[in-house]
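I opened my notebook to look around this structure, one feature at a time. Here is what I looked up, in the order I got to it.

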Amino acid sequence: MLKLEGLALRRGPRLLFEDASLTIHSGYRTGVTGANGTGKSSLFSLVLGELHADAGDLRLPDGLTIAHVAQETPSTDRPAVEYVMDGDVELRRIQRELEGAETDDDGHRQAEHHARLDAIDGYAARSRAAKLMHGLGFTPEQDEVPLRTLSGGWRMRLNLAQALMCRSDLLLLDEPTNHLDLDAVIWLEAWLLAYRGTLLLISHDRDFLDRVTDHVLHIEQRHVTLYTGNYTDFETQRAARLATQRAAWEKQQREVRHMHQFVERFRAKATKARQAQSRLKALERMELIAPAHVDSPFHFSFGAPERLASPLCRMEGVSVGYGTSPVLTGLHLNIAPGQRIGLLGHNGAGKSTLIKLLARELDPLAGHRTDARDLAIGYFAQHQLEQLDANASPLLHLRRIDPRASDQALLNFLGGFGFAGERVGEPVAPFSGGEKARLVLALLVYRRPALLLLDEPTNHLDLEMRLSLTIALQSFEGAVVLVSHDRHLLRTVTDELLLVNAGGVRPFDGDLDDYPRWLAEERRRLARQEETQEQRPRDGTGRRERRKDEAERRRQLAPLRRETRRLEAVLKRLSEENERIEQRLADPTIYEDAAKPALVTLLEDRARLAAELAQAEAEWLSASEALEFAEGNLSPDVTS
């Protein structure tokens, strides 16, 4: 499919990589990883023909259809769904040729083009485009909205839908989850698992990479290496390679001891709640992968808050919204030091509204709020990146917070966030989104908050910075409230999940692995509710006829329900088997020389299970969607 032969690439005077030779075969789902600036996006530009190699060759099959996400969206009155359909280039070509045949009144050509449309399922193209949009978070009412009315984040979602609309052989995705919420990430994950082409994916979302990829192409120190397995397998292999270097090995041991302290401290206080147990397992896994990240440039920690009181914040019967319209009502919250809360819920359900209420950016419309005396709140949100002083340097931003600190102390602090050399004194205006996000986090950490509110903090952060943030949060003494589509961050940071839904907030009964099932069940419930409301005014049949119709409806839905239950049982069995393997891998003795054959077998079993789990999850999501569609579209008077 894609072959690199002695490839070298430069951007300006800087050599990104050289002597790269590898083959990505058809059907590979390959994650492309490496530090920022190593050449990941440049490799994509090379594949697209936008850049040319400085040495060697990149070979692609003739006639290959490549799909990628456009970076710009035209600001026109064109309906959003039509823009998504433009992604199917062959569909649009046939439609143009059909219009020409109709203009010429050529019946023979018209018949040919109609046959071609039928062959590519062109008559269902609009429905397919709408389904892609809805999966990425658009509502049916947004299908026809003009492009010019959409914000930047929604335009990026639309560009992603357009790329998925293309019936491609090779799909290039560069940070596709950045502008998505968790619901859309889960949907995209299932879509990619069912994709039949070859995938090249740049992402800093560890769980997303783990579930979607079966190979990792890693770029570091001007070398390109292809690893077999998902991202966790790559970390294991890289850790083993680094361990052959004495200095790296010694640093690895320090990192392992550092993570071990977190694991043991949390193990002592973990409850039997599923989310707390999920966090403990995630921390144990982090202990295993710590050696793969010994060369991370980021190292920082949260200082102890100046004042901690319990509770930090109490809310009783609070309503909050915009103007006089409440988004959430009847809130009863009691946030204490040490709490780790993750917020779940549909896009638009009110997660960010709740965060803004906690951050005091919104006042309660009703009810009563009580904060601890001199409560210091640290709030990270995407809009704060734009509130940085464009003409000020990172050092000056920090100096404004603490005028009396020495330059060396501030420089040392900024170094932990990857700012060093001339960069610390340069204006932030030309900084990348990732650099701005790191600076906002640095300013937040420096203030030593007692209540930390994080609304999608990882959107612009790479894998190493995400891991450093995760580790820093383990020793944070205050309370954390987190909204994120990064499930690894949610797993390792939170031990309590709240569901924001239907205008209220309540504890979520389960862990993150249960959330996709809740989403599917909620969609089915809403579909049934909508159907009931539509039927009520026109349903004039008698009680006997209604019972008969309901029995027929249950008969038709029974096979789909049985298949869904069967797949749920398969998922449970595979998850339990995977958990047993993870427990064995958590045993230090398995890494001794004498246990090497057993370790190899375990790693092979884990890779096999990961593939089986991914396939089972994809089948379960497909079956759930089919059941949801049937429940939402099958009317009681259908009898066949």
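**Entry 1: the largest cavity**

I started with the empty space inside, and the largest cavity holds about 60 Å³. This is a predicted model, so I keep that in mind for every entry below. My search of the whole structure turned up three cavities of 30 Å³ or more.

Which residues line the largest cavity? I wrote down Asp181, Leu182, Asp183, Leu343, Leu344, Gly345, Lys351, Glu456, Val483, Ser484, His485 and Tyr515. The elements that give two or more residues to this lining are α7 (182-194) and β12 (340-344). By character, I sorted the lining of the largest cavity into five nonpolar, three polar and four charged residues.

**Entry 2: the second largest cavity**

Next I looked at the second largest cavity, with about 50 Å³ of space. Its lining is made by His204, Arg206, Leu463, Arg466, Leu467, Thr470, Asp486, His488 and Leu489. Here α16 (463-474) and α17 (487-493) are the elements that give two or more residues. Which of the elements gives the most to this lining? I found that α16 does, with four residues. The lining of the second largest cavity divides into three nonpolar, three polar and three charged residues.

**Entry 3: helix α12**

Lys351 from the largest cavity's lining led me to helix α12, where Lys351 is one of the buried residues. Is α12 (residues 351-358) largely enclosed or exposed? Six of its eight residues are buried, so α12 is largely enclosed by the rest of the structure. Besides Lys351, I listed Thr353, Leu354, Ile355, Leu357 and Leu358 as buried. After the helix comes Arg360, and I noted its positive phi, near 70 degrees.

**Entry 4: aromatic pairs**

Then I went looking for rings. How many aromatic pairs does a search of the whole structure find? I got ten. One of them joins Trp191 and Tyr195, which are stacked at 5.7 Å centre to centre, with 20 degrees between the planes. Another stacked pair is Tyr515 with Trp518, at 5.8 Å centre to centre and 10 degrees between the planes.

I checked how covered these rings are. Trp191 has 23% relative accessibility, so I put it down as partly exposed. Tyr195 comes out at 12%, so it counts as buried; the cut-off for buried is under 20%. Tyr515 and Trp518 are both buried. These two sit three residues apart in helix α18 (residues 515-535), about one turn of the helix. Tyr515 also turned up in Entry 1, in the lining of the largest cavity.

I also found a cluster in which ring pairs link Tyr227, Tyr231 and Phe234.

**Entry 5: arginines over rings**

I picked out two arginines that lie over ring faces. Arg157 lies over the face of Trp154, at 4.4 Å from the ring centre. Arg438 does this with Phe419, at 5.0 Å from the ring centre.

**Entry 6: Leu164**

My last stop was Leu164, in helix α6 (residues 152-165). Its relative accessible area is 3%, so Leu164 is buried. What does Leu164 contact, leaving aside its neighbours within four places in sequence? I noted Leu132, Leu171, Trp187, Leu188 and Trp191. That last name takes me back to the stacked pair of Trp191 and Tyr195. I also compared Leu164 with His68: they are 96 residues apart in sequence, with 8.4 Å between them in space, C-alpha to C-alpha.

Note on methods: Residues numbered from 1 in each chain as written. Predicted model: local features only at pLDDT ≥ 70, side-chain atom pairs only at ≥ 80, totals over all residues. Heavy atoms only, no water. Buried < 20%, exposed > 50% of the residue type's maximum accessible area, 1.4 Å probe, protein only. Phe/Tyr/Trp six-rings, centres within 6.5 Å; stacked < 30°, edge-to-face > 60°. Lys NZ or Arg CZ within 6 Å of the ring centre and 35° of its normal. Contact = heavy atoms within 4.5 Å. 1 Å grid on protein atoms, 1.4 Å probe; cavity = no way out; pocket = protein on both sides within 12 Å on 5 of 7 lines; lining within 4 Å. Points joined across faces, edges and corners; volume = space filled by probe spheres on them. Nonpolar A, V, L, I, M, F, W, Y, C, P; charged D, E, K, R; others polar.
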